[in-house]
Amino acid sequence: MEYDMTSEEQALLSYLEDRLHEGENPNEDELAEQRGEGVRRLLRSLADKQLISLGLLPEGSVNVVYGLSPEAQESLGIHRDATQ
């Protein structure tokens with residue numbers, strides 16, 4: 001299944017995949033600090049498309065990325081294959 005993703009969303013998905021593979025669960029505030037405030041809009045867009053799992057930290061105030069959907073992983077694989 002193909003998703004209509006911007007290049008910004010694609011880049012963020014790839015970055016999130018790397019972080020998750022390193023055993024990290026990046027949170028929204030951390031990502032905004034590293035990548036700019038626009039990342040908040042991108043995270044919500046990816047979550048609305050059900051490409052990432054977002055949840056609240058135990059304190060309940062900040063979204064954290066828990067994982068990528070199988071569709072997101074497939075999309076990243078297709079994108080990598082197309083660029084090789």
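These legends describe close-up views of a predicted model.

**View 1. The whole chain is built from four helices and two strands.** Along the sequence, the elements follow the pattern α-α-α-β-β-α. The protein has 84 residues, and 36% of them count as buried. Consider the contacts with a separation of 6 or more. Residues 24 or more positions apart account for 52% of these contacts.

**View 2. Helix H1 covers residues 7-21.** How far apart are the end C-alpha atoms of H1? They are 21 Å apart. The expected span is also 21 Å, because the helix has 15 residues at 1.5 Å a residue, counted as one less than the number of residues. The two values agree. Several H1 residues are buried: Glu9, Gln10, Leu12, Leu13, Leu16, Glu17 and Arg19. Glycine 23 follows the helix. The phi of glycine 23 is positive, near 85°.

**View 3. Helix H1 packs against helix H2, residues 28-35.** The angle between H1 and H2 is about 120°, and their axes lie 13 Å apart. Are the two helices perpendicular or oblique? An angle from 65 to 115 degrees would count as roughly perpendicular. At about 120°, H1 and H2 are therefore oblique to each other. Their crossing is right-handed. On the H1 side, the contact uses Ala11, Leu12, Tyr15, Leu16 and Arg19. On the H2 side, it uses Glu30, Leu31, Gln34 and Arg35. Sorted by class, this contact of H1 with H2 holds five nonpolar residues, one polar residue and three charged residues.

**View 4. Helix H1 also meets helix H3, residues 39-48.** The axes of H1 and H3 come within 10 Å. They cross at roughly 85°, so H1 and H3 are roughly perpendicular to each other. Which residues of H1 take part? They are Glu8, Glu9, Leu12, Leu13 and Leu16. Their partners in H3 are Val39, Arg41, Leu42, Leu43, Ser45 and Leu46. The contact of H1 with H3 divides into seven nonpolar, one polar and three charged residues. Leu12 and Leu16 of H1 appear in the contact with H2 and again in the contact with H3.

**View 5. Helices H2 and H3 cross at roughly 130°.** Their axes come within 9 Å. That angle makes H2 oblique to H3. From H2, the residues in contact are Glu28, Asp29, Leu31 and Ala32. From H3, they are Val39, Arg40, Leu43 and Arg44. How do these residues divide by class? Four are nonpolar, none is polar and four are charged. Leu31 of H2 takes part here, and Leu31 also touches H1. Val39 and Leu43 of H3 meet H2, and they meet H1 as well.

**View 6. Glutamine 50 sits in the loop between H3 and S1.** Is glutamine 50 buried or exposed? Its relative accessible area is 62%, so glutamine 50 counts as exposed, the cut-off being over 50%. The phi of glutamine 50 is near 60°. That is a positive value in a residue other than glycine.

**View 7. Valine 62 lies in the loop between strand S1 (52-56) and strand S2 (63-68).** Valine 62 is buried because its relative accessible area, 12%, is under 20%. Which residues does valine 62 touch, leaving out those up to four places away in sequence? They are Asn27, Glu28, Asp29, Gly55, Leu56 and Leu57. Take glutamate 28 from that list. Valine 62 and glutamate 28 are 34 residues apart in sequence. In space, they are 6.4 Å apart, C-alpha to C-alpha. Glu28 also belongs to the contact of H2 with H3.

**View 8. Serine 75 is part of helix H4, residues 70-83.** Its relative accessibility is 12%, so serine 75 counts as buried. Leaving out residues up to four places away in sequence, serine 75 touches Met5 and Gln10. Gln10 is one of the buried residues of H1. How far is serine 75 from methionine 5 along the chain? They are 70 residues apart. Their C-alpha atoms are separated by 9.7 Å.

Definitions and conventions:
Residues numbered from 1 in each chain as written. Predicted model: local features only at pLDDT ≥ 70, side-chain atom pairs only at ≥ 80, totals over all residues. Heavy atoms only, no water. Buried < 20%, exposed > 50% of the residue type's maximum accessible area, 1.4 Å probe, protein only. Contact = heavy atoms within 4.5 Å. Axes fitted to C-alpha atoms, helices over the stretch in contact; angles between N-to-C directions. Parallel < 35°, antiparallel > 145°, perpendicular 65-115°, else oblique. Left-handed = near helix turned anticlockwise from the far one by under 90°. Nonpolar A, V, L, I, M, F, W, Y, C, P; charged D, E, K, R; others polar.
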